[in-house]
Amino acid sequence: MAFLEVSRLTVRFGGLTAVSQLDLSVDEGALVALIGPNGAGKTTAFNVITGVYAPTEGHVRLAGCEIGGASPHAISAHGVARTFQNIRLFRGLSALDNVRAALLGASRAGWRDVLRGAAWRSRERAGEAEARALLDELSLGPSADARADSLPYGEQRRLEIARALATKPKLLLLDEPAAGMNPAEKQALRELVAQLRRVHGLTIVLIDHDVSFVMNLCERVAVLDHGEKIADDVPAAVRRDPKVIEAYLGADSEAGAAG
């Protein structure tokens, strides 16, 4: 049984079918990309997996447990975390407080714990140490006390990942993590994603429009077009797939994806 199993997933908004009969299996520990043209249904699929939308039809199972249609909070408790195409940080808070907020939200502590005084303060100190460790891991330690909205764009992207990791996920979904980055930043991000997967034992599914970034990072690539899956294979095979070339990559895709 696959760790993440999406079966016959269909999502409709009125008369529009955003995702149609999608099957996607992701093994535990895998690193898989979901690519395709704008409007292909990629982010909609992510939104169903994370509980933003309920499926119109079909199933989403994580480690054999049905999560399709559950609330975002419940799905997070199952070990699913994500980043967003449009960065969603607490922009007026420091980088450190962004991660601390995620740690608090993911903990089982309630307001009664806050009122317990010394015990809560001890827990809070431990949480701060954990948050700083995550920032250090993502090379954000020197920016811990800076406001999130003052950070360079690439650092804001990494802060989103740090905040997602604070929830201790088993499955991490990255929506356009390389968007807006220069080549050096993309290379650093590629190395970071591979490192996080190894160190934290993560299963990772990502969306990105940078074909080179995806093909040189992921071990498998699924392609959507108009809500339907048209390919699902290793990168080299996807680059050569006539349907993918016609729908998305273009005739020069193999040469362009080699970098």
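Hi everyone, let's start with D175, which sits in strand β7 (residues 171–175). Helices and strands here are DSSP runs, H or I of at least four residues for helices and E of at least two for strands, numbered from the N terminus. Before going on, a word on the source: this is a predicted model, where local features need pLDDT of at least 70, side-chain atom pairs count only at pLDDT 80 or more, and totals for chains, interfaces and linings use all residues. Residues are numbered from 1 along each chain as its sequence is written, and side-chain values use heavy atoms, with hydrogens and water left out.

So, is D175 buried or exposed? D175 counts as buried because its relative accessibility is 1%. For the cut-offs, buried means under 20% relative accessible area, exposed means over 50%, and partly exposed is in between, with a 1.4 Å probe and protein chains only. The side chain of D175 makes a polar contact of 3.0 Å with the side chain of T43. By polar contact I mean a pair of N or O atoms within 3.5 Å; within protein, one must be able to donate a hydrogen and the other to accept it, and residues adjacent in sequence count only if both atoms are side-chain atoms. Beyond its neighbours within four places in sequence, D175 is in contact with T43, F46, R82, T83, F84, Q85, R157 and I207. Contact here means heavy atoms within 4.5 Å.

F46 takes us to helix α1, residues 42–49, where seven of the eight residues are buried. Those are K42, T44, A45, F46, N47, V48 and I49. Just after α1 comes G51, with a positive phi of about 90 degrees.

Let me step back to the whole chain. There are 11 helices and 10 strands, and 47% of the 259 residues are buried. Of the contacts between residues at least 6 apart in sequence, 67% join residues at least 24 apart.

Next, the second largest pocket. What is its volume? The volume is about 160 Å³. The terms need a moment. On a 1 Å grid over the protein atoms alone, a pocket is an open set of points where a 1.4 Å probe fits, with protein on both sides within 12 Å along at least five of seven lines, and lining residues have an atom within 4 Å of a point. Grid points are joined across faces, edges and corners, and the volume is the space filled by probe spheres set on the points.

Lining this pocket are E137, L138, S139, G154, R158, M181, E185, A188, L189, L192 and Q195. Helices α6 (153–165) and α7 (183–200) each supply at least two of the lining residues, and α7 gives the largest share, five residues. By class, the lining has five nonpolar, three polar and three charged residues. In that scheme Ala, Val, Leu, Ile, Met, Phe, Trp, Tyr, Cys and Pro are nonpolar, Asp, Glu, Lys and Arg are charged, and the others, Gly among them, are polar. Both domain 1 (1–79 + 169–259) and domain 2 (93–167) contribute at least three lining residues; the bounds come from an automatic or database domain assignment.

One of the lining residues, S139, deserves a second look. S139 lies in the loop between α5 (118–137) and α6, and its phi is near 60 degrees, a positive value in a residue other than glycine. Most residues other than glycine have a negative phi. S139 is exposed because its relative accessible area is 54%. R8, in strand β1 (residues 4–13), also has a positive phi, near 50 degrees. With a relative accessible area of 53%, R8 is exposed.

Two loop residues to finish. F90 is in the loop between β6 (80–82) and α3 (95–106), and at 46% relative accessibility F90 counts as partly exposed. Leaving aside its neighbours within four places, F90 is in contact with N98, A101, A148 and R163. The C-alpha atoms of F90 and D149 are 8.2 Å apart, with the two positions 59 residues apart along the chain.

Then there is S71, in the loop between β5 (65–66) and α2 (72–77). S71 is partly exposed, at a relative accessible area of 36%. Its side chain reaches the backbone nitrogen of A74 at 3.1 Å. Thanks for listening!
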